[in-house]
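User: I would like to learn how to read helix packing, sheets and pockets. Can we work through one model together?

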Amino acid sequence: MPADPSSRTTGESSRSAASAPRTVPSPQSRGSGASAVEVRRSTRRRRTVSAYREGDRTVVLIPARMSEAEEQRWVGVMLDKLAAQESKRMLGDAELAARAELLSGQYLGGRARPATVRWVTNQNTRWGSCTPAEGSIRLSHRLQGMPEYVVDYVLLHELAHLLVPGHGRRFWQLLEAYPRTERARGYLEGVVAAGRLPHLTGPGDDQP
């Protein structure tokens with residue numbers, strides 16, 4: 001049975017009849033030390049799926065009749081929705097610059113040191129851009145509200161351009177250390193394919 005992903009993702013408590021909750025590793029954070037996911041099945045839930053943070057756990061509420069495969073899929077969907085909400089609330093220009101410094105140190109040995117990192121609203125044909133001569137990085141405001149790992153990927157992509165300007169083999173080798181590169185690229189491709197954002201390319205456009 002299809003579930004409704006538009007239901008609430010924060011602040012909901014479970015008062016309905018439910019089976020015993022079960023803790024599972026987060027599909028986004030296996031091996032990363034991030035919080036676990038607790039899945040709670042309810043016989044009173046028919047279509048809705050919701051999720052919220054509870055201390056160091058993420059609680060996902062699903063219908064009892066949902067299959068294991070559907071459970072795994074919806075856990076991933078709801079984790080993305082929560083991450084998107086938190087990313088949109090928390091990442092201003094200052095936080096974005098701090099995030100860039102952290103990512104550079106973690107994946108690029110601290111070698112990429114941008115002078116400025118900021119959100120812009122005039123990039124409608126690309127997710128991000130970099131001007132190595134100025135040391136400036138700009139991310140499209142369209143990324144705001146997307147999962148944190150997607151924003152991190154685009155930010156890391158632009159940081160790598162401070163070291164390698166083109167998209168040759170050396171450039172992609174820099175991104176190999178980031179474990180969610182393929183997942184983030186798939187997410188962005190899915191957004192474009194769904195028609196939610198324009199898929200335009202042209203000379204000088206940087207499509208991560």
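User: Which strands does helix 3 lie across?

Analyst: A note before we start: this is a predicted model. Helix 3 lies across strand 5, strand 6 and strand 7. Its direction runs at about 150 degrees to strand 7.

User: What order do the three strands take in the sheet, and how are they paired?

Analyst: The general idea is this. Strands of a sheet pair through backbone hydrogen bonds, either parallel or antiparallel. Here the order is 5-7-6, the sheet is open, and the pairing is mixed.

User: Which strands stand at the edges?

Analyst: Strand 5 (116–120) and strand 6 (128–131) do. Each has a single partner strand, so one side of each is left without a neighbour in the sheet. On average, neighbouring strands are turned by 15 degrees against each other, direction ignored.

User: How many bridges join strand 6 to strand 7?

Analyst: Four, and the two strands run antiparallel. Strand 7 covers residues 136–140. For one pair, look at S129: its bridge partner in strand 7 is R138.

User: Which strands does helix 2 touch?

Analyst: Helix 2 packs on the sheet and touches strand 5 and strand 7. The direction of helix 2 makes about 130 degrees with that of strand 5.

User: How do I describe the packing of two helices?

Analyst: Two packed helices are described by the angle between their axes and the distance between the axes. Take helix 2 (residues 93–107) and helix 3 (residues 148–161). Their axes come within 10 Å and cross at roughly 70 degrees. Angles of 65 to 115 degrees count as roughly perpendicular, and helix 2 and helix 3 are therefore roughly perpendicular to each other.

User: Which residues make that contact?

Analyst: Helix 2 contributes L96, R99, A100, L103, S104 and Y107. From helix 3 come E148, V151, D152, L155, L156 and L159. By class, the contact of helix 2 with helix 3 has eight nonpolar, one polar and three charged residues.

User: Now pockets. How is empty space found?

Analyst: Rolling a probe the size of a water molecule over the atoms shows where empty space is left. In this model, the second largest pocket holds about 210 Å³ of space.

User: Which helix gives the most to the lining of the second largest pocket?

Analyst: Helix 1, with seven residues. Helix 1 (68–90) and helix 5 (181–193) each supply at least two residues of that lining.

User: Which residues line the second largest pocket?

Analyst: R73, G76, V77, D80, K81, A84, Q85, P147, R183 and Y187. By class, the lining has four nonpolar, two polar and four charged residues.

Definitions and conventions
Residues are numbered from 1 along each chain as its sequence is written. This is a predicted model: local features need pLDDT of at least 70, side-chain atom pairs count only at pLDDT 80 or more; totals for chains, interfaces and linings use all residues. Side-chain values use heavy atoms; hydrogens and water are left out. Axes are lines fitted to C-alpha atoms, for helices over the stretch in contact, and angles run from 0 to 180 degrees between N-to-C directions. Angles under 35 degrees count as roughly parallel, over 145 as roughly antiparallel, 65 to 115 as roughly perpendicular and the rest as oblique. Contact means heavy atoms within 4.5 Å. Ala, Val, Leu, Ile, Met, Phe, Trp, Tyr, Cys and Pro count as nonpolar, Asp, Glu, Lys and Arg as charged, and the others, Gly among them, as polar. Two strands pair if DSSP finds at least two bridges between them. On a 1 Å grid over the protein atoms alone, a cavity is a set of points where a 1.4 Å probe fits but cannot get out, and a pocket is an open set with protein on both sides within 12 Å along at least five of seven lines; lining residues have an atom within 4 Å of a point. Grid points are joined across faces, edges and corners, and a volume is the space filled by probe spheres set on the points.
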